[in-house]
Amino acid sequence: MKAIIIEPMKPGTARLENIQEPDEREGSVLVEAVAVGVCGTDIEIVEGKYGWAPPGKSHLVLGHESLGRVIDPGPASNLRKRDLVVGIVRRPDPVPCPNCAVGEWDMCRNGLYTERGIKEIHGYMSERWRIEPEYAVKVDPTLGILGVLLEPTTVIVKALEQVASIGRRSYWEPHIVLVTGAGPIGLLAALALKQFGFDVHVLDRVETGTKPELVRALGAIYHSGSVADIGFEPDAITECTGVGQVIQDSIRGVGSGGIVCLTGVGHGGVVTSASVADVAASAVLRNNVIVGSVNANKRHWYRAGQVLARADRGWLAKLITRIEKPENFLNALQRKPDDIKVVIQFSEV
Ligand code: BGC
């Protein structure tokens, strides 16, 4: 079968290749790939900056934002043939650490977790893949190809849950929230925050185009420019850019007692103008919390399914700005100015 593979840490090794059918040891459920989303992490892996092959192997099948159709549910699952499913990304570490032991693999403490398409287990960019029944999440069939947005939604649901639980440290009534970055993660954050009843503001660099339109269609307010210029102090900020200056401005711009949740993974960039101690002082003097959030556990996958199921299908469809064939995967991995979510489609939904 055809698969998109790479040799981790070696840039320029991504290729479409014929590989063996998935091994039964990867799970008793056999799935036909429908679509796989591309995200910044995939691009980093392809650029040789991230990613690990399975032990003893030199290549990794890419892809962690999956959507597939069950071909064979196997003997031990409540799935049925033709069900639309998405595969959970992370698997608990084998020790296990206390968090993995209680099913919170997203909070893994020893770093020995594995992740499909990222860390030591093959991903979902192959014509067929196998999965353990307990890691296959059924998606609302009316979502069709939009089910491919489930994985990025789980990342946001987890991040917002973190903010909500931290908020219980004191009396806190958040009302007005800011999302920085109007990429797929930022837009899905705005969608979820709107559903949860907040007054939502989204900030990005662009001034026109699909991003501001999608924000306004949610009934949220769009800002372009800097966090320092938005003219109010948000109760919470969901930071989805990973850009140093935006992170710094977010920490300094969040309201007193507010929470900044970092979801973007950035590197390098321009050294910002303030010292770490100055940024920290503003957080100390205003009781701010800065929290990093990654991945998602089963509870978040369930709640993310609810967020997508409730969303307007036309709005969600506009997030997928490009669909490429597996043969054109290199194109899919190239960022274009108007891209929001690029998807590689393996079969009809
Ligand atoms: C994925 C997460 C993963 C993280 C770190 C993200 O792109 O969505 O599931 O935990 O990368 O590897």
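Helices (H or I, at least four residues) and strands (E, at least two) are DSSP runs, numbered from the N terminus. The expected span of a helix is 1.5 Å times one less than its number of residues. This is a predicted model, in which local features need pLDDT of at least 70, side-chain atom pairs count only at pLDDT 80 or more, and totals for chains, interfaces and linings use all residues. Residues are numbered from 1 along each chain as its sequence is written, and side-chain values use heavy atoms, with hydrogens and water left out.

**View A. Helix α3, residues 150-167.** The helix has 18 residues. From first C-alpha to last it reaches 26 Å, close to the 26 Å expected at 1.5 Å a residue. Of its 18 residues, 16 are buried (under 20% relative accessible area, 1.4 Å probe, protein chains only). Helix α3 is therefore largely enclosed by the rest of the structure.

**View B. Residues around the ligand.** The surrounding residues, each with a heavy atom within 4 Å of the ligand, are Cys39, Thr41, Tyr50, His64, Val89, Arg90, Glu115, Ile118, Glu151, Val155, Val294 and Asn295. By class, six are nonpolar, three polar and three charged. Here Ala, Val, Leu, Ile, Met, Phe, Trp, Tyr, Cys and Pro count as nonpolar, Asp, Glu, Lys and Arg as charged, and the others, Gly among them, as polar.

**View C. Polar contacts to the ligand (pairs of N or O atoms within 3.5 Å).** A side-chain N or O atom of Glu115 lies 2.5 Å from a ligand oxygen atom. For Glu151, the distance from a side-chain N or O atom to a ligand oxygen atom is 2.8 Å. A polar side-chain atom of His64 is 3.4 Å from an oxygen atom of the ligand. On its own, the ligand has 310 Å² of accessible area (Shrake-Rupley method, 1.4 Å probe), and the protein covers 87% of that.

**View D. The open sheet β7-β8-β9.** Its three strands show mixed pairing (two strands pair if DSSP finds at least two bridges between them). Strands β7 (90-91) and β9 (120-121) are at the edges. Each has a single partner strand, so one side of each lacks a neighbour in the sheet. Strand β8 (residues 114-116) runs parallel to β9, joined by two bridges. Arg116 is opposite Ile121 in β9.

**View E. The open sheet β2-β1-β4.** Pairing among these three strands is antiparallel. At the edges are β2 (15-18) and β4 (60-61), each paired on one side only. Two bridges link β1 (residues 2-6) to β4. Ile5 has Val61 in β4 as its bridge partner.

Methods: Polar contact = N/O pair within 3.5 Å; in protein donor to acceptor, adjacent residues only side chain to side chain. Buried < 20%, exposed > 50% of the residue type's maximum accessible area, 1.4 Å probe, protein only.
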